[in-house]
Amino acid sequence: MCEPNLHRRIALLICDIPVDAIREKHGDYTRIFGTLLEKSLQPINHTRSVDSQANFTLEPFDVYTQIYPKDDEYDAMIITEAAATAYEYDQPGKEWIKQLIQYVRYVATEKPRIKIFGVCFGHQVIALAMGGTCVRNTREVSATKLRLNELGKKVYGLESGVLNLHLMNRDHVPTKPPSFHIIVSSDHSPNHGMVRFSQSEFSGDAPPLNFRLTDIHILTSQGHPEFTESIMRMLLNARRELLGTEVVDDGQGRAGNQNDGIAVVGKAMWGIMGVD
């Protein structure tokens, strides 16, 4: 039996449904993100004794149909990707996006104990909820080398300064929200991920020089730590008409490159939740 303080209850705010081919082979987003969490937790548990194994429950909520958690007894929440455009929240039929933005703002400000993670669309929703911007940008796909700044190196434990993640985005966050710190960038966007520290611990505008991962309140990633080579290849094929042959062929050529989603980003997520 896992000790109570080694169990994490996580809410998954689902913003879309995977394309059919991905869902048939890899499951829905609950299974996909569950796999990310399980595989990144395994090496951590290998360093623990049998009676101190960490575990978790992942509870899904289809927020695109306006289904939300009924309580706030969660250690963390993850906001998934979506094909929707985050900054179109005022458009007809996109009311669910506006509600999600309002909900994230509420949790971030009123429930600071809950760690928040946002991936791609989730990264953009967090930015909009907390005072940043989101706009159209150059399309980015497949396994890509991203650049970590000094803060990013500390968050992800990568002295090389290179983070390899799968991308599938056209929008980005050019203006970060107040009190957030950018940690990673790409050739096409200065902001591929941000952190916000717990305000009770760090109130200054400059990032702290010394911190623990548990001092981080919010972590976002424009890239997809939950994507695998197989998922990326299927997604590229499914979106060939939208992306165009040149973009798809380029992405397929890089889909098998190094992917740090589990070993680096997943590990950091657990560290932020106090499991390391």
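I count a residue as buried when its relative accessible area is under 20%. With that in hand I started on Leu37, which has a relative accessible area of 0% and is therefore buried. A reminder to myself: this is a predicted model.

**Leu37 and its surroundings**

I placed Leu37 in helix H2. Next I asked which residues Leu37 is in contact with, leaving aside its neighbours within four places in sequence. My list reads Ile10, Phe56, Leu58, Ile78, Met269, Trp270 and Met273. I also checked a pair far apart along the chain: Leu37 and Lys267 are 230 residues apart, yet their C-alpha atoms are separated by 8.5 Å.

For another pair I took Gln91 and Glu246, which are 155 residues apart along the chain. Their C-alpha atoms are separated by 31 Å. Gln91 sits in the loop between strand S3 (76–79) and helix H3 (95–110). Is Gln91 buried or exposed? Neither, I noted: its relative accessibility is 45%, so Gln91 counts as partly exposed.

**The chain as a whole**

I stepped back and counted elements: the chain has 9 helices and 9 strands. Its radius of gyration is 18 Å, close to the 19 Å that the globule rule gives for 276 residues, so the chain is as compact as a globular protein of that length. Along the principal axes, I got a C-alpha trace spanning about 50 × 40 × 40 Å.

How much of the chain is buried? I found that buried residues make up 53% of the 276. The accessible surface came out at about 12,500 Å², and carbon and sulfur atoms account for 50% of it. I then looked at contacts between residues at least 6 apart in sequence, and 74% of these join residues at least 24 apart.

Charges were a quick check. I have 29 positive and 34 negative side chains in the chain, with the centres of the two sets 2 Å apart.

**Helix H4**

H4 (121–129) caught my eye next. I asked how many of its residues are buried. The tally is 9 of 9, so I wrote H4 down as mostly covered. By name, they are Phe121, Gly122, His123, Gln124, Val125, Ile126, Ala127, Leu128 and Ala129.

I picked out His123, which lies in H4. His123 has a relative accessible area of 0%, so I have it as buried. Not counting residues up to four places away in sequence, His123 touches Gly118, Val173, Asn191, His192, Gly193, Met194, Thr220, Ser221 and Gln222.

Just after H4, I noted that Gly131 takes a positive phi of about 110 degrees.

**Positive phi outside glycine**

Most residues other than glycine have a negative phi, so I went looking for exceptions. One of them is Cys120, where phi is near 55 degrees. Cys120 is in the loop between strand S4 (115–119) and helix H4. Its relative accessibility is 6%, so I count Cys120 as buried.

Ser179 also went into the notebook, with a phi near 75 degrees, again a positive value in a residue other than glycine. I found Ser179 in the loop between strand S6 (162–172) and strand S7 (180–185). With a relative accessible area of 26%, Ser179 is partly exposed.

**Cysteines**

How many disulfides does the structure hold? I found 0. Cys15 is in no disulfide, and the nearest cysteine sulfur, which belongs to Cys120, is 10 Å away. A disulfide here needs two cysteine sulfur atoms within 2.5 Å, so that pair does not qualify. I have Cys15 as buried, at a relative accessible area of 2%. Cys120 is in no disulfide either, and the nearest cysteine sulfur to it is that of Cys134, 9.3 Å away.

**Helix H6**

My last stop was helix H6, residues 229–238. Which of its residues are buried? I listed Ile231, Met232, Met234, Leu235 and Leu236. Then I asked what covers them. The cover includes helix H1 (20–26), helix H2 (29–46), strand S5 (135–148) and strand S6. Helix H7 (240–243) and helix H8 (245–254) are also part of that cover.

Terms used. Residues are numbered from 1 along each chain as its sequence is written. This is a predicted model: local features need pLDDT of at least 70, side-chain atom pairs count only at pLDDT 80 or more; totals for chains, interfaces and linings use all residues. Side-chain values use heavy atoms; hydrogens and water are left out. Helices (H or I, at least four residues) and strands (E, at least two) are DSSP runs, numbered from the N terminus. Buried means under 20% relative accessible area, exposed over 50%, partly exposed in between (1.4 Å probe, protein chains only). The radius of gyration is taken over C-alpha atoms; the globule rule is 2.2 Å times the number of residues to the power 0.38. Contact means heavy atoms within 4.5 Å. Accessible areas come from the Shrake-Rupley method with a 1.4 Å probe; for residues, only the protein chains shown count as cover. Lys and Arg count as positive and Asp and Glu as negative; His and the chain ends are not counted. The place of a charge is taken as NZ of Lys, CZ of Arg, CG of Asp or CD of Glu.
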